[in-house]
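Me: I'd like to go through this one with you, a few questions at a time. Take a look and we'll start below.

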Amino acid sequence: MCPELFQIGPVPIRSFGIMLALSFLAGVIYVSRMTRRDGKDFEPYLTVAYILIIGGILGARVSFVLLHWSDFANNLGAAFNPFHSGQFGIAGLNLYGGVLAAIAGAWIYCHIKKMSVLEVFDYFAPSLALGIGISRIGCYLNGCCFGTPTELPWGVMFPVGSIPFAIFGSQHIHPAQIYSSLYGFGLFVLLHFLMTKRKFIGQLVSVLFISEACFRYAIEYVRYYEDAMYFDLWGMHPTYNQVVSISLFVAGAVMYYLNSKKAKAAGPTQAVDSE
């Protein structure tokens, strides 16, 4: 665990922020190379990247605040105050809130520019997976998004003063962040391979939705959440993220079925890119 890498004057440079920035940079570079490989103008894709980044951060923060409303109800200024709690940077983000906001913003832009939404999302799908792989390393270094107690040999113990230690003490816990990071890198490899062999427009984003839904639903069982993240549903107690995961799975499966069926009906002459 190493939440702060160094300081520039009074401002600490946090490991999570560095990893988040690296994930954005790596994603943009990947999309740039893939679009230019296929002879496409990169400029509108760069605009989409900005929308995904800004919309993702704002959406992630807004959803975190709403899910922890009791912590902000009497101090709304803390919701977006970068100097809250005496530290520089906005702490507390919810991944799926950011994903939904980013998708909505990019969808609107693509419709305005009359770009194929699914094709644009196909180009960004591998970069999003790469971003998960990189940013979750930042979560591990920061000591957030941690797991629940385990007796498995690869269980980890966070140091005194960290949030995991405050909750679980010296117990070994699942390195949930590392699970997510390895998953992200593995998914990137899969989606990049599919990018070179794509059979129909929308294939990559469909696989991304399905894979992310399955993994996120499963990882919730070994990841720690405060009580506010659980709710009662017909006698079950899923997290809000698990409900979103189910929606993502259904959306991905429907998209995959409809677009593959459409591609088959169009015949083998249908082009999915500039190959």
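Me: Which helix is Ser 135 found in?
Reply: Quick caveat before anything else: this is a predicted model, where local features need pLDDT of at least 70, side-chain atom pairs count only at pLDDT 80 or more, and totals for chains, interfaces and linings use all residues. Residues are numbered from 1 along each chain as its sequence is written, and side-chain values use heavy atoms, with hydrogens and water left out. Helices here are DSSP runs of H or I with at least four residues, strands are E runs of at least two, and both are numbered from the N terminus. On that basis Ser 135 sits in α5.

Me: Is Ser 135 buried or exposed?
Reply: Buried means under 20% relative accessible area, exposed means over 50%, and partly exposed is in between (1.4 Å probe, protein chains only). Ser 135 comes in at 14%, so the label is buried.

Me: Which backbone oxygen does the side chain of Ser 135 reach, and which residues is Ser 135 in contact with?
Reply: The side chain gets to the backbone oxygen of Gly 131 at 2.7 Å. For contact, the test is heavy atoms within 4.5 Å. Leaving aside neighbours within four places in sequence, the partners of Ser 135 are Phe 16, Met 19, Leu 20 and Ser 23.

Me: Which helix gives the largest share of the largest nonpolar core?
Reply: A nonpolar core is a set of buried Ala, Val, Leu, Ile, Met, Phe, Trp, Tyr and Cys residues joined through side-chain atoms within 4.5 Å. The largest one has 42 residues, and Tyr 45, Val 48, Val 120, Phe 124 and Leu 191 touch the most other members. Several helices supply at least two residues each, including α1, α2 and α9. The top contributor, with 11 residues, is α5.

Me: What does Leu 191 contact beyond its neighbours within four places in sequence?
Reply: Leu 191 is one of the core members that touch the most others. Its list runs Ala 125, Pro 126, Ala 129, Leu 204, Val 207 and Leu 208.

Me: How many residues of α8 are buried?
Reply: Helix α8 covers residues 203-219 and reaches 24 Å from its first C-alpha to its last. That is close to the expected 24 Å (1.5 Å times one less than its number of residues). The helix is mostly covered, and of its 17 residues the buried count is 13.

Me: Which side chain makes a polar contact with the side chain of Thr 239?
Reply: Thr 239 lies in the loop between α8 and α9, and is buried at 1% relative accessible area. A polar contact is a pair of N or O atoms within 3.5 Å; within protein, one must be able to donate a hydrogen and the other to accept it, and residues adjacent in sequence count only if both atoms are side-chain atoms. At 2.7 Å, the partner is Glu 220.

Me: Why is there no disulfide between Cys 139 and Cys 145?
Reply: A disulfide needs a pair of cysteine sulfur atoms within 2.5 Å. Cys 145 holds the closest cysteine sulfur to that of Cys 139, but the gap is too far for a bond. By this rule the disulfide count is zero, and the distance that rules this pair out is 3.8 Å.

Me: How many helices and strands are in the chain?
Reply: Along the sequence the pattern is β-β-α-α-α-α-α-α-α-α-α. Put as counts, that's two strands and nine helices.
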